[in-house]
Amino acid sequence: MWNQTVDRALISGVPEEQILEVKQSEIGQKVKASIQKSGRNPALFKSLIMMAIYALELLISKVFKMTLEKADKATNVFVKAEPEQTKVQAVNESVMAKSEPIPEMPKKSKLASKFLRLADIYSKLEKQNAAIYQREQQLASVEKEIAGTKGICKGKQRNKLQEQAEQLKTQIANMKQYLSSIVQGYGYKNVKEFLTEYRASKAEYSDYQSAVVKWEQQTGNKAESDSLKAKLQRKQQEAKELNRHNKHQKKYSRDVR
């Protein structure tokens with residue numbers, strides 16, 4: 001549960017230093033003090049871990065709220081305007097007249113080539129993390145209702161709400177487990193390992209894009225966009241699958257005859 005919460009914190013944008021601080025103060029120091037005072041006590045150890053998870057979840061919630069507030073502010077101050085046209089430097093005819101060699105088009109590094117695929121995985125992580133946060137908010141709301149349903153006459157309502165709360169807790173636990181397994185399905189040990197490669201890939205991809213823009217300005221040529229390449233690759237893959245399907249159908253027809 002602690003590792004799953006750490007994964008969520010990293011995806012949410014909680015700095016790794018803050019996560020380590022929580023681990024040190026809420027687990028390291030308190031567990032050491034507890035062992036010195038009461039000896040090894042698994043039940044007490046579990047309660048300390050749960051408190052550390054709660055402290056980390058508070059940080060996650062804080063980051064989510066800050067992100068939502070920023071999004072609201074950006075929406076409120078949004079001013080509709082014409083999209084800025086990318087400024088392309090005019091090619092000096094006198095320069096073109098010279099027989100200077102045309103610069104070679106920039107090439108992606110191996111890590112930059114991975115970025116679009118890694119960005120897709122990162123998007124899945126963000127969506128799952130946001131869905132978990134929404135369920136947690138629903139659970140908090142239900143638990144608040146439960147606290148307000150006191151008295152014998154509200155027993156049936158309270159039981160219904162408690163059942164709803166248990167269902168939400170089960171959903172949240174399953175969703176957290178799936179979140180951590182997303183990156184493992186792509187060959188990464190954990191979210192931290194994935195994020196390390198994702199951020200490095202993003203930086204190199206950004207450098208590549210800047211180099212392409214500069215190349216286009218220098219040569220007056222237009223580079224093929226990555227989205228078009230990806231679309232072409234999908235079409236080629238669909239054509240291969242359709243071809244395999246047609247061959248299978250022909251073979252099946254011959255076997256039947």
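This passage looks at the largest pocket, a nonpolar surface patch and a buried arginine in a predicted model. Local features need pLDDT of at least 70 and side-chain atom pairs count only at pLDDT 80 or more, while totals for chains, interfaces and linings use all residues. Residues are numbered from 1 along each chain as its sequence is written, and side-chain values use heavy atoms, with hydrogens and water left out.

The largest pocket holds about 630 Å³ of space. Here a pocket is an open set of points on a 1 Å grid over the protein atoms alone, where a 1.4 Å probe fits, with protein on both sides within 12 Å along at least five of seven lines; lining residues have an atom within 4 Å of a point. The lining runs to 20 residues, with Glu57, Glu136, Leu139, Ile172 and Lys176 closest to the pocket centre. Helix α3 gives the largest share, seven residues; helices are DSSP runs (H or I, at least four residues) numbered from the N terminus. By class, the lining splits into ten nonpolar, four polar and six charged residues.

Helix α3 also holds Tyr54, which joins Met51 and Leu58 in a nonpolar surface patch of about 330 Å². Patch members have over 30% relative accessible area and no salt bridge, and nonpolar side chains are joined within 5 Å. Tyr54 counts as partly exposed because its relative accessibility is 48%, between the 20% and 50% limits for buried and exposed (1.4 Å probe, protein chains only).

Arg8, in helix α1, is another story: at 1% relative accessibility, Arg8 counts as buried. Its C-alpha atom lies 9.3 Å from that of Ile132, 124 residues away along the chain.

Terms used
Grid points are joined across faces, edges and corners, and a volume is the space filled by probe spheres set on the points. Helices (H or I, at least four residues) and strands (E, at least two) are DSSP runs, numbered from the N terminus. Ala, Val, Leu, Ile, Met, Phe, Trp, Tyr, Cys and Pro count as nonpolar, Asp, Glu, Lys and Arg as charged, and the others, Gly among them, as polar. Patches are made of residues with over 30% relative accessible area and no salt bridge: like charges are joined within 9 Å, nonpolar side chains (Val, Leu, Ile, Met, Phe, Trp, Tyr) within 5 Å. Accessible areas come from the Shrake-Rupley method with a 1.4 Å probe; for residues, only the protein chains shown count as cover. A salt bridge is a side-chain nitrogen of Lys or Arg within 4 Å of a carboxyl oxygen of Asp or Glu.
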